[in-house]
Amino acid sequence: MLWLSPWMRPLARIHVEALRAQGDDVMLVTTDQHPESDAPRDYEVVLDARFKQARSWIPFVKALRAAREFAPDVVVGELVRDPRWLAFGALAPRVHLVHDDRPHDASENRPAWERAIFDRWGRSADATVTFSEYVADAVRRGTVPGARTPVYSIPLTSDVDDERISAVVPASARRDLVLVGRINSYKNLDVVLSAWRRHVDGSGWRGDDLVIIGKGSIEGPLPPHTVHRNSPFRYDDELGVMARAKASLVHYRRASQSGVQVLSMQLGVAAIVSDRGALPEFRTPGDPAIGVDDVDSLVAELDRLADPDTAFRRGLAARTHYADTFAADVVGTRLHSLLAAVAGLAPDSVQSRIPRVDVELRGLDAGGSRDPAS
């Protein structure tokens, strides 16, 4: 299997290593653009993403030659934006991996020439794969440019190796709440900060800070006991802060298959989510989804999770849900079956095999029906 991932290198590594654990031989072509990039692993080819730099061409030609010699049975491509990389996609049946149904903000809008080239490339894939039924349905409806049917979904695993995650932090060591990720308008900060201000002023506050970890500007003064670490971050610097948090605020204004929500579950931290932003398949069973503008209910949830024993119990349930549904080995098993079917290596065809995988995951029917996201 050949995996093309110029932007999502840490997550691609998780998928590649899960497939290798299934016995697959996988080659990853990537770049150093992700902040978590480090020394290449033995299955990686790391290319220079600067298309206009003459010195980037010789390594590309060598990588393409190596990929041809590798002779993949199937190619996976995600967020490819370099026209040269299209040559890799011609080496075998191809899966187009779609992360989102639309850009998060204006910074993710692509120029017209990119849309023309890569939307057509996406539509020519043999199958499209998403990380949620929400995005899969958007592809089926035709509202995601550059994607096509047949489309299937698998769970979104974390982009942090499970080996880097310690035991669930006990109640006695819990402190603070976190809000993680680049600051965008859909993160619903006005409502979150209004609720936090009321929580701190009320009887439910237990002395915690709200720690915002992510680059971006926040208008107006921050509420008391709020810390904004306004810079890019690496997991090595922040995993400890996140793991001992009483809760993670993922109270978004629009539906999102949130990597932060998955990471929170992996760490054993309850995620506070909104009814508009939280996809049903990503929520820990029994946890509430709070109205996106319901400050009163959000304050009440902050008060509940300020209790360290409650935070620990909810966090432990989140870790269990992650292990059962989103862990890399669970996702790797599903992904192996899906890619084998696309490559024609499985006994069943793509059309008949993959919906049964979905049934195993979420009880979906073969047509991919789902509960609404909001």
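This is a short walk through one protein model, from its overall make-up to a few single residues.

Okay, before we start: the model is predicted, so local features need pLDDT of at least 70 and side-chain atom pairs count only at pLDDT 80 or more, while totals for chains, interfaces and linings use all residues. Residues are numbered from 1 along each chain as its sequence is written, and side-chain values use heavy atoms, with hydrogens and water left out.

Let's take the whole thing. The protein has 12 helices and 13 strands; those are DSSP runs numbered from the N terminus, helices being H or I with at least four residues and strands being E with at least two. Of its 374 residues, 55% are buried, meaning under 20% relative accessible area, where exposed is over 50% and partly exposed lies in between, with a 1.4 Å probe and protein chains only.

Now the sheets. One is an open sheet of seven strands, ordered β3-β2-β1-β4-β5-β6-β7, with parallel pairing; two strands pair if DSSP finds at least two bridges between them. Why do β3 and β7 each have a side without a neighbour in the sheet? They stand at the edges, each with a single partner strand, so one side is left free of a neighbour. Inside that sheet, β4 and β5 are joined in parallel by four bridges, and Val75 has Arg94 in β5 as its bridge partner. Helix α1 lies across β1, β2, β3 and β4, at about 170° to β1. For that, contact means heavy atoms within 4.5 Å, and the axes are lines fitted to C-alpha atoms, for helices over the stretch in contact, with angles from 0 to 180 degrees between N-to-C directions.

The other open sheet has six strands, β10-β9-β8-β11-β12-β13, and its pairing is parallel too. Here β10 and β13 are the edge strands with a single partner each, so each has one side without a neighbour in the sheet. Helix α9, residues 295-306, lies across β8, β11, β12 and β13, running at about 170° to β12.

Let me stay with edge strand β10. Strand β9 is joined to β10 by four bridges, and Leu210 stands opposite Thr226. His228 is in β10 as well. What does the side chain of His228 reach? The backbone oxygen of Gly214, at 2.8 Å. That fits a polar contact, a pair of N or O atoms within 3.5 Å; within protein, one must be able to donate a hydrogen and the other to accept it, and residues adjacent in sequence count only if both atoms are side-chain atoms. Leaving aside neighbours within four places in sequence, the contacts of His228 include Ile183, Ile212 and Leu222.

On to the core. The largest nonpolar core has 44 residues, and Trp3 and Leu339 touch the most other members. A nonpolar core is a set of buried Ala, Val, Leu, Ile, Met, Phe, Trp, Tyr and Cys residues joined through side-chain atoms within 4.5 Å. Helix α11 gives the most, with six residues. Not counting residues up to four places away in sequence, Leu339 touches Trp3, Leu19 and Val95, among others.

Last thing: most residues other than glycine have a negative phi. Ala71, in the loop between α2 and β4, has phi near 55°. Asn188, in the loop between β8 and α6, has phi near 65°, and Asn188 is buried, at 3% relative accessible area.
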